[in-house]
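Subject: Structure handover

Hello,

I am passing on the structure we spoke about. Please look at it first and then read the notes underneath.

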Amino acid sequence: MKIYNTLSKKKEEFIPIEEGKVRMYVCGPTVYNLIHIGNARPMIVFDTVRRYMEHKGYAVNYVSNFTDVDDKIIKKAVEEGVEASVISTRYIAECKKDMEALNVKPATMHPLATNEIGGMLDMIRTLMEKGYAYQAEDGTVYFRTRNFREYGKLSHKNLDDLQGGNRSLLVSGENQKEDALDFVLWKPKKEGEPYWESPWCEGRPGWHIECSVMSKRYLGDEIDIHAGGEDLVFPHHENEIAQSEAANGKTFAKYWMHNAFLNIDHKKMSKSAGNFFTVRDIAGKYDLQILRFFMLSAHYRSPLNFSSELMEAAGNGYGRILNSVDNLNFLLQNASGREMTEEEKNLAKELDGFTAKFDEAMDDDFNTADAIAAIFELVKFANTHAKESSSAPFLGALKGRIVELSDICGLKVEKKEELLDGDIEELIAQRQAARKAKDFARADEIREELLNKGILLEDTREGVKWKRV
Ligand code: AMP
Ligand code: ZN
């Protein structure tokens with residue numbers, strides 16, 4: 001299995017630190033809003049990497065954090081007049097719902113930054129003892145970047161170029177830094193912000209330290225894969241390497257993987273630019289499995305432009321797999337349970353060829369586009385050879401193989417059971433009753449349950465309307 005490593009800028013053979021095991025850390029979202037479909041790209045991509053590794057027989061320890069202390073969370077909390085934790089708890093729950101709807105498996109562990117402050121203080125203390133950190137007059141603790149000789153090795157940047165470029169970025173208080181390249185490990189509290197006690201000042205951590213600490217705590221000093229979107233290469237991951245390797249004295253991660261952006265009109269989709277769709281927006285228009293299919297139809301290191309035309313095309317592609325499985329299910333209902341004929345046995349032997357093609361694509365730095373092409377070939381093969389006269393074991397083998405390969409991509413390919421109009425009306429009535437009783441959690445749950453089954457509710461002045469999506 002070959003993985004493109006941002007560190008070496010090459011595809012390298014994957015050799016795990018410990019045989020049969022993969023330790024993997026994926027930087028998770030900052031939780032102050034519903035996630036957008038750009039945030040969903042790393043979730044889908046690295047979930048697929050994990051699923052493929054598991055298919056290959058590895059036990060994968062997959063850790064992905066939630067950043068639950070951050071300026072944007074605090075700003076939102078002030079706007080709503082609530083504690084920051086109210087905001088982060090709400091959006092973690094929403095993010096988990098979106099992940100489930102996208103068929104992204106829960107991580108082995110989803111640590112929260114605010115639960116790991118003790119570990120952060122320990123690591124900062126170690127960095128200070130080793131001369132890699134210092135405290136400025138205003139109490140801020142900085143990482144002494146130039147002391148970490150290999151700084152820049154991930155982003156392939158030269159320290160002196162960075163120094164020149166960074167000077168113009170100086171902001172207030174930063175003039176207390178020894179060097180423009182130094183970055184914050186711990187900063188003093190501001191009025192109204194959450195804060196923690198520390199040996200230096202009451203305050204809160206800088207952003208980068210949390211990942212170094214959570215990765216160490218849940219996966220150890222050395223891990224196999226560290227991943228995230230390409231905007232994290234610099235400075236976030238570069239700073240993580242500096243902190244972890246300076247503190248632990250060991251290589252932090254062997255393979256660094258980064259997905260390219262999901263764009264809109266060929267520009268990065270981002271909250272700050274305002275050009276984004278949330279996963280929820282898309283769920284109102286498409287089956288989220290189509291979004292997953294769309295994401296995987298491109299290589300993860302290629303930029304991907306979001307458009308309704310491409311989503312239509314993805315819907316058609318995904319539909320081909322769905323229809324094939326549907327047809328096999330239909331034939332299976334009346335198929336004979338007899339043994340396979342010789343001809344069927346020979347055809348069934350050909351199925352391994354499709355798995356081999358699929359694996360070959362995935363072994364080449366997770367080329368999901370080619371892997372999906374292998375599924376299409378398999379679908380064509382199934383459509384050609386599945387007949388009314390086919391035996392149940394043969395039809396089952398065809399279906400089983402399509403489902404197995406699709407499942408490695410996290411694609412559900414059995415058609416959803418259709419809800420009858422009466423059932424929908426009944427659920428809508430239950431939702432209205434829950435709302436009346438101010439049980440909004442239950443009301444939301446029903447709305448989502450319906451959405452998952454392809455029914456979109458619209459609250460209008462004339463009452464609740466629904467449509468199939
Ligand atoms: P954030 O909440 O901004 O820290 O982002 C969480 C994850 O989503 C990070 O791995 C980002 O790199 C990734 N990400 C954010 N925007 C995009 C985008 N438009 N395309 C792909 N990945 C993105
Ligand atoms: Zn991180």
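The notes below go through the metal site, the cysteines, the other ligand, the backbone and a few single residues.

Please keep in mind that this is a predicted model.

Zinc site

Which residues coordinate the zinc ion (ligand 2)? The donors are Cys27 through SG, Cys211 through SG, His236 through NE2 and Glu240 through OE, at 2.0 to 2.7 Å. The geometry of the site is irregular, with angles of 69 to 126 degrees among the 4 donor atoms. Four donors count as tetrahedral if all angles lie between 85 and 135 degrees, and the range for the zinc ion (ligand 2) starts at 69 degrees. Along the sequence, the donor residues follow the spacing C-x183-C-x24-H-x3-E. Two of these donors, cysteine 211 in helix 6 (residues 208–219) and glutamate 240 in helix 7 (residues 233–248), are 29 residues apart, and the pair links distant parts of the chain. Both cysteine 211 and glutamate 240 are buried.

Cysteines

How many disulfides does a search of the whole structure find? The result is 0. For cysteine 95, the closest cysteine sulfur belongs to cysteine 27 and is 14 Å away, so the distance is too far for a bond. The cut-off that matters here is 2.5 Å between the two sulfur atoms. Cysteine 95 counts as buried because its relative accessibility is 1%. Cysteine 409 also counts as buried, at 0% relative accessibility.

Ligand 1

There are 16 residues around ligand 1, and those that come nearest are Thr30, Gly229, Asp231, Leu262 and Met269. Three polar distances may be useful if you set up this site:

- Asparagine 39 has a polar side-chain atom 3.3 Å from an oxygen atom of ligand 1.
- Glycine 229 has a polar backbone atom 3.0 Å from an oxygen atom of ligand 1.
- Methionine 269 places a backbone N or O atom 2.8 Å from a nitrogen atom of ligand 1.

Backbone

Some backbone values are listed here for when you check the geometry. The peptide bond from phenylalanine 234 to proline 235 is cis, and its omega is near 0 degrees. Proline 235 is part of helix 7. Two residues that are not glycine have a positive phi. One is lysine 9, at about 55 degrees, in the loop between strand 1 (2–5) and strand 2 (10–13). The other is aspartate 265, at about 50 degrees, in the loop between strand 11 (262–264) and strand 12 (267–268). Is aspartate 265 buried or exposed? Aspartate 265 counts as exposed because its relative accessibility is 60%, and the cut-off for exposed is over 50%.

Single residues

Histidine 237 is another residue of helix 7. With a relative accessibility of 0%, histidine 237 counts as buried. Beyond its neighbours within four places in sequence, histidine 237 is in contact with Cys27, Leu154, His226, Ala227, Gly228, Leu232, Trp256 and His258. One of these, Cys27, is also a donor to the zinc ion (ligand 2). The C-alpha atoms of histidine 237 and serine 212 are 9.3 Å apart in space, for 25 residues in sequence.

Glutamate 344 sits in helix 11 (residues 342–349). Why does glutamate 344 count as buried? The reason is its relative accessible area of 8%, since buried means under 20%. Its side chain makes a polar contact of 2.8 Å with the side chain of serine 391. Leaving aside neighbours within four places in sequence, the contacts of glutamate 344 are Arg338, Glu339, Ser390, Ser391 and Phe394.

Lysine 399 belongs to helix 14 (residues 392–408). Lysine 399 is buried because its relative accessible area is 17%, which is under the 20% cut-off. Its side chain is joined to that of glutamate 414 by a polar contact of 3.0 Å. Not counting residues up to four places away in sequence, lysine 399 touches Val325, Leu328, Asn329, Leu332 and Glu414. Asparagine 327 is 72 residues from lysine 399 along the chain, and their C-alpha atoms are separated by 9.5 Å.

Regards

Note on methods:
Residues numbered from 1 in each chain as written. Chains lettered and ligands numbered in written order. Predicted model: local features only at pLDDT ≥ 70, side-chain atom pairs only at ≥ 80, totals over all residues. Heavy atoms only, no water. Helix = DSSP H or I, 4+ residues; strand = E, 2+ residues; numbered from the N terminus. Buried < 20%, exposed > 50% of the residue type's maximum accessible area, 1.4 Å probe, protein only. Polar contact = N/O pair within 3.5 Å; in protein donor to acceptor, adjacent residues only side chain to side chain. Contact = heavy atoms within 4.5 Å. Donors = N, O, S within 2.8 Å, 3.2 Å for Na, K, Ca; no water. Tetrahedral: all angles 85-135°; square planar, octahedral: opposite > 155°, others 65-115°. Near = heavy atom within 4 Å.
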